[in-house]
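The following questions and answers examine selected residues and a ligand. Please consult the sequence and the structure while reading.

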Amino acid sequence: MKRRNFIAGAGLASLAAGLGVEIVYGSLLPEGVVPLVLQDPDPFKLFDKDTQMVVLNERPWNMEAQAHLLDDKVTPGRVMFIRNNGLIPQDIDPSKWVLEIKGEAVKKPKTYTLQDLKTNFKAHTYQLTLECGGNGRSEFNPPAKGNQWTVGAVSCANWTGLRLRDLLKDVGISEKAVYIGYHGADIHLSGDAAKEPISRGVPLEKAMQDETLLAYQMNGKDIPLAHGFPLRLVAGGWPASASGKWLNGLSIRDRVHDGAKMGGSSYRVPCETVAPGEKVAPEDMCIIESMPVKSLITYPKSGARIKEGRRLIIRGHAWSGEQRVSKMQYSIDFGSSWKSCSLEDPVNRLAWQHFSASIDFPKKGYYEVWARATNDKGESQPMVLPGWNPKGYLNNACHRIAIKVV
Ligand SMILES: Nc1nc2c(c(=O)[nH]1)N[C@H]1C(S)=C(S)[C@@H](COP(=O)(O)O)O[C@H]1N2
Ligand SMILES: [Mo]
């Protein structure tokens with residue numbers, strides 16, 4: 001990895017922010033002298049991540065899990081993917097943090113301190129699935145530009161905060177309101193303070209759901225810096241790009257929000273299926289909303305061996321945007337026949353569901369276990385790559401693991 005470039009590009013202040021401690025006397029450091037602790041920034045230490053996480057990009061930081069790391073029912077921070085579009089904000093002082101509410105459809109602009117949000121509104125906790133729209137991109141052909149996510153850009157942690165709906169009620173929004181755009185404190189890669197790296201959001205209908213939170217805690221603690229400390233919008237079941245980190249502003253819009261990465265082909269797919277590689281006109285692209293039905297085998301790790309005559313226990317998670325998963329199946333004969341897995345109910349709406357199965361193999365040899373989820377609308381995962389799209393979003397093909405019976 002090109003660590004030296006990273007140091008030159010990001011600067012000491014952001015590294016210190018990543019460390020979570022102040023470099024006392026940092027301003028007195030002679031030019032060109034890099035503090036020892038920062039000379040070889042180890043992203044796993046920097047972000048308190050499992051060393052089996054895979055770094056896809058250092059500027060901005062993008063890191064994904066491997067399937068077997070996601071075996072926990074509630075995703076711990078250590079194995080949660082990081083997807084940044086810009087640079088992580090520096091020197092965050094939560095006691096000075098404010099959330100500014102503005103836009104055409106707010107009755108009167110208003111600001112809230114973090115303290116206001118924590119004390120004046122009821123707190124709610126939900127376990128919420130956040131999957132990057134580009135998860136699975138690495139398999140598209142022709143290849144799509146962007147981070148080459150395999151399967152690990154998904155998480156399902158517990159998020160605690162106030163309901164966005166309660167805040168909107170407190171602010172007062174007009175009848176014209178149709179969309180809520182978010183603003184974050186992260187810094188554009190160009191360093192230009194006037195530019196936002198990303199400013200997306202959700203339609204009013206999604207904003208009003210019980211589970212749409214302005215979260216200040218993840219898994220019962222302050223949100224880790226990389227995941228949006230001290231405040232984050234969390235809209236589970238939708239592409240995670242709708243869940244704005246380092247949240248310091250909301251725009252109540254009278255139109256579809258037009259912030260950074262809302263237009264063009266960003267987080268959009270062709271409204272109708274197109275042939276691989278085909279050019280699509282901007283007006284024929286639709287914003288991704290509810291994510292498709294999908295599942296992941298988190299145990300065992302692909303490549304596992306078992307003794308002939310032994311049964312193999314598999315387990316994993318299944319999710320389907322706004323829908324519930326109603327059926328989970330596995331195949332050991334490359335999809336020609338399917339058997340059912342046991343499937344748990346979600347702990348709440350928009351949380352992933354756990355599945356398991358005990359598999360019997362007929363004889364020694366190489367097998368693949370394929371897993372397929374079906375939602376309550378009857379939609380199933382495709383066995384092979386689904387519809388091609390220019391940016392490589394929404395790959396929900398069946399997850400496969402290799403097994404050798406010896
Ligand atoms: N402010 C801000 N919010 C953001 C982003 C970002 O770059 N800046 N990335 C978005 C995208 S594309 C994804 S997939 C998720 C990733 O969340 P995570 O890094 O906590 O896993 O955050 C979303 N929210
Ligand atoms: Mo994303």
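Q: Which residue is joined to the side chain of Ser199 by a polar contact of 2.8 Å between side chains?
A: This model is predicted, and the answer is read from its side-chain atoms. The polar contact of 2.8 Å runs from the side chain of Ser199 to that of another residue. That partner also appears among the residues that Ser199 touches, together with Tyr182, His183, Gly259, Ala260 and Met262. The residue is His257.

Q: Is Ser199 buried or exposed?
A: Ser199 is placed in the loop between β8 (179-184) and β9 (201-203). A residue counts as buried under 20% relative accessible area. Because the relative accessibility of Ser199 is 0%, this residue is buried.

Q: How far does the backbone oxygen of Tyr182 lie from a polar atom of the side chain of Ser199?
A: Tyr182 is one of the residues that Ser199 touches. Here the side chain of Ser199 supplies a polar atom, while Tyr182 supplies its backbone oxygen. The distance is 2.6 Å.

Q: Which side chain makes a polar contact with the side chain of Ser295?
A: Ser295 belongs to strand β16 (residues 294-299). It counts as buried because its relative accessibility is 2%. Its contacts beyond four places in sequence include His317, Trp319, Phe355 and His399. The polar contact, at 2.6 Å, is with the side chain of Gln381.

Q: What distance separates the C-alpha atoms of Ile359 and Phe121?
A: Ile359 is found in strand β22 (residues 353-359), and its relative accessibility of 0% means that it counts as buried. Among the residues it touches beyond four places in sequence are Arg310, Leu312, Tyr330 and Val369. Phe121 is 238 residues away from Ile359 along the chain, and their C-alpha atoms are separated by 48 Å.

Q: Which residue has a backbone N or O atom 2.9 Å from a nitrogen atom of ligand 1?
A: Two side chains place polar atoms by oxygen atoms of ligand 1: that of Arg232 at 2.7 Å and that of Lys245 at 2.6 Å. The nitrogen atom in question instead has a backbone atom at 2.9 Å. That backbone atom belongs to Ser243.

Q: How much of the accessible area that ligand 1 has on its own does the protein cover?
A: There are 18 residues around ligand 1, and Phe81, Asn85, Asp186, Arg232 and Lys245 come nearest. The space that ligand 1 takes is the largest cavity. On its own, ligand 1 has 540 Å² of accessible area, and the protein covers 99%.

Technical notes:
Residues are numbered from 1 along each chain as its sequence is written. Chains are lettered from A and ligands numbered from 1 in the order in which they are written. This is a predicted model: local features need pLDDT of at least 70, side-chain atom pairs count only at pLDDT 80 or more; totals for chains, interfaces and linings use all residues. Side-chain values use heavy atoms; hydrogens and water are left out. Helices (H or I, at least four residues) and strands (E, at least two) are DSSP runs, numbered from the N terminus. Buried means under 20% relative accessible area, exposed over 50%, partly exposed in between (1.4 Å probe, protein chains only). A polar contact is a pair of N or O atoms within 3.5 Å; within protein, one must be able to donate a hydrogen and the other to accept it, and residues adjacent in sequence count only if both atoms are side-chain atoms. Contact means heavy atoms within 4.5 Å. A residue is near a molecule or strand if one of its heavy atoms lies within 4 Å of it. Accessible areas come from the Shrake-Rupley method with a 1.4 Å probe; for residues, only the protein chains shown count as cover. On a 1 Å grid over the protein atoms alone, a cavity is a set of points where a 1.4 Å probe fits but cannot get out, and a pocket is an open set with protein on both sides within 12 Å along at least five of seven lines; lining residues have an atom within 4 Å of a point. A molecule sits in a cavity or pocket if more than half of its atoms lie within 2 Å of its grid points.
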